[in-house]
Amino acid sequence: MFSGIVQGVGFRPFIYRQAIQNKLGGFVRNRPDGVLVEVEGATWDIDSFLSGVRRDLPPLADITNISALDIETTHDKVFRIIPSDARGDGDVHIAPDVAVCADCLKEFFNPLDRRYQYPFINCTNCGPRLTIIKSIPYDRINTSMSCFPLCPQCQSEYENPVDRRFHAEPNACPVCGPRIQILDQEGNPVDTTDPIAAAVNKLKDGKVLAIKGLGGFHLCVDAANNEAVERLRSRKFREEKPLAIMISNLETVKLIGQLNSEEEKLLTSLQRPIVLIKKKITNIISRQVAPGVPHFGVMLPYTPLHYLLLENNFAVLVMTSANQIDEPICISNREAVTRLKGIADYFLVHNRNILVRCDDSIVMVAGGKQQILRRSRGFVPRPIALAESFPAVLALGPQLKATQCILKDNFAFLSPHIGDLETPQARDFFSESITLMKKITESDPAVIACDAHPAYYSTQVAEALAPVKVIRVQHHHAHIVSCMAENRISGEVIGLAMDGTGYGLDGNAWGGEFLVANETGFRRLGHLKYFVLPGGQKAIQEPWRIAASLLKSAYGNAWPEIAARLDIIPSGFDSKLLDKIIENKINSPLTSGLGRLFDGVAAIMGLRRKVSFEGQAAMELEGCINETSGTTFPFEIKRDAEGCFILDMSGAIRSIVDEILKGTSKNEISISFHMTVARSFAAMAKEISAINGIKRVALSGGCFQNRILLENSVAELENAGFTVYCHKHVPANDGGIALGQAVIAGSIMKGS
Ligand code: ZN
Ligand code: ZN
Ligand code: FE
């Protein structure tokens, strides 16, 4: 019996071929708990069969377990594939959706092939999986392809064990499969015999198109057309946040960005994620695509339709998730037409339904290693293998960048990216996703984990699910255990949880935390010195307020004069009033958030007073850097009354101000600041380690998406003799929180 990702990935024909090659009799059959194989033959032939299976696995298959058993021989000489049976517990993992394969592309571009330019070409090695699933087992009848009866030719491919399309559930051709259509703003079909050519012409005219993809719609414009990009931005109310782009080929990618071999590998991988690559100065695309930030988010085409649109037509297309602000990505044609009203001019749609929302995944390379920033299409629902088994747990994640996680045995299944739970649509998607996760894992956990924040929507959902057992997990503890879990380590570590803000146990907004943590608990041994966040949420949108607060804590009452010299306070705003707000903490919480410190430093340096998306100021601060080293600014480590280590950056703030007034370049100041923070991490870890002897450090939290900070922190900590664990398969940001919550709750249940 084989379990893992073994269905819908060409596993049975593969087994069939291996059995025939090794002269074995027997059968192969799909079961809900895996693929059952019975073989009969000489011992050495069976051994060679097994090693062949392990060696030559189809690209999408992933065996997590093989259990073998000797049985009576029946002198079976033939090998057969028998239809599925419905017994057994679910142990089959659903495969993720992947990019069209090279074999299919060859047919796709061959004018003599019957699937020439057919946008739904696929085979057992490629195409949609998770996003077309209605229920399991993964059979055509349980997918959104069930309404397309196979034509005789497709049927014979489907039934032929040696065909590449044997049991390719989404198999289709122009005769029997889904079709493309183009709709106008109102959702009425545009009269054309060639919808693709029509779409290309509209794009060339600068129109905004909504295009149905694999896991949802994209909004698409010609990236070279400045006006079109600006039109899309203003209609989507997305002033500056970078837009993802799809580039026709690797050569063109190299014209707009610096590419290393690891990034090249990720770009061309089966998953085809968006890869963040360092910008080059270019006039190929509009400057409005990603203003101010150091990276482009780039992907290569991954569906046959993308190839048709780009090939010989465009070098670069903007391809951003089709949604209104804070709403989830659109999946159905009708939903797109209503929800994208006023944004899209035309809709390029088809009649293969998307049943599971799945945004594009985002990855970057730091220190030569992959770091996933959003884990969705191409990766979900492939599980993360854990070091040990856990009781079933459902974790509901945080409020922003929400994902969910189900623990089953020694696997953690993370949901697709859900996003910020701020709108009714996002909250519906959240519920949809719970149902999906239970379905694909075939489990209904009696233990629910959630954030400690009482006002989070996910926390409220957890409480409403009672009488199940609810375990609340502190945000930064979850970050650290998420990192530990994917690195398969347990026991105590020094955890550096660095993010914007999360609910702290003392009522303040934490986010620059030095914890000693294990899978069941943590102690807060240190943190970034608290500073006032003047106006709370307002300060997050207007970092100049944070700058004022930082200056006040560095200069005391002399701060307004410094702020005036640096021109930090917008005209018409009274610094005396702000001083009062900070002094008396009027609507102004205390925070230790490192992300907020970065925002404030960016504002002190004059990079921006206001931001239009979370993390923008910090990204621009990173974007100033084009050196690899600078100097270190001073910082102090003190201990508070309880013995907690307090990291005080006032010295660094004063040095930054001196450097600005001296006229030092932003580049130099920024790299020095990043290096100072990294060095302060190592200094704090040393203090903590001196108490308890712990030599392992886990890094987590959204701040470690900052490549320069991450690379320098790892280097400083390793130089100080620590073993450093980072995220790789799960986001360091809040997208990874659910995994940490789940493992903490699972560990607590195991211990009780
Ligand atoms: Zn294929
Ligand atoms: Zn057909
Ligand atoms: Fe966080």
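**Close-up 1. The aromatic rings of F2 and F11 meet edge-to-face in this predicted model.** F2 is buried, and F11 is buried as well. The centres of their two rings lie 5.3 Å apart, and the planes of the rings make an angle of 65°. F14 joins the group too, since ring pairs link F2, F11 and F14 into a cluster. Across the whole structure there are 13 aromatic pairs.

**Close-up 2. W510 and F522 form an edge-to-face aromatic pair.** Here the ring centres are separated by 6.4 Å, with 85° between the planes. W510 belongs to strand β22 (residues 509–517) and F522 to strand β23 (residues 522–528), so the pair ties together parts of the chain that are 12 residues apart in sequence. W510 is buried, with a relative accessible area of 3%, whereas F522, with a relative accessible area of 22%, is partly exposed.

**Close-up 3. Two arginine side chains place their charged ends over aromatic rings.** The charged end of R377 sits over the ring of Y302, at 3.5 Å from the centre of that ring. In the other case, the charged end of R357 sits over the ring of F429, and the distance to the ring centre is 5.4 Å.

**Close-up 4. Four cysteines coordinate the zinc ion (ligand 2).** The SG atoms of C151, C154, C173 and C176 lie at 2.2 to 2.4 Å from the zinc ion (ligand 2). The arrangement is tetrahedral because the four donor atoms subtend angles of 104 to 117° around the zinc ion (ligand 2). Along the chain, these donors follow the spacing C-x2-C-x18-C-x2-C. C151 lies in the loop between α3 (102–108) and α4 (152–159), and C173 lies in the loop between α4 and β6 (180–184), so this pair ties together parts that are 22 residues apart in sequence. C151 is buried, with a relative accessible area of 9%, and C173 counts as buried at 0% relative accessibility.

**Close-up 5. Two histidines and two aspartates serve as the protein donors of the iron ion (ligand 3).** The donor atoms are NE2 of H475, NE2 of H479, OD of D499 and OD of D734, and they lie 2.1 to 2.3 Å from the iron ion (ligand 3). The angles among the four donor atoms run from 89 to 168°, and the site is irregular. The spacing of the donors along the chain is H-x3-H-x19-D-x234-D. H475, in helix α13 (residues 475–486), and D734, in the loop between β29 (723–725) and α23 (737–751), link distant parts of the chain, 259 residues apart. Both H475 and D734 are buried.

**Close-up 6. The largest nonpolar core contains 160 residues.** In soluble globular proteins, nonpolar side chains tend to be buried together. Within this core, the residues that touch the most other members are I15, L594, L597, I604 and L699. Helix α21 (residues 666–692) gives the most to the core, with eight residues. Leaving aside neighbours within four places in sequence, L699 is in contact with several residues, among them C483, L496, F704, Y725 and H727. A second, separate core of 43 residues includes V229, V293, F296 and L300.

**Close-up 7. T676 is found in helix α21.** T676 is buried, with a relative accessible area of 0%. Apart from its neighbours within four places in sequence, T676 is in contact with T631, T632, F633, F635, M649 and A652.

Note on methods: Residues numbered from 1 in each chain as written. Chains lettered and ligands numbered in written order. Predicted model: local features only at pLDDT ≥ 70, side-chain atom pairs only at ≥ 80, totals over all residues. Heavy atoms only, no water. Donors = N, O, S within 2.8 Å, 3.2 Å for Na, K, Ca; no water. Tetrahedral: all angles 85-135°; square planar, octahedral: opposite > 155°, others 65-115°. Helix = DSSP H or I, 4+ residues; strand = E, 2+ residues; numbered from the N terminus. Buried < 20%, exposed > 50% of the residue type's maximum accessible area, 1.4 Å probe, protein only. Core = buried A, V, L, I, M, F, W, Y, C linked by side-chain atoms within 4.5 Å. Contact = heavy atoms within 4.5 Å. Phe/Tyr/Trp six-rings, centres within 6.5 Å; stacked < 30°, edge-to-face > 60°. Lys NZ or Arg CZ within 6 Å of the ring centre and 35° of its normal.
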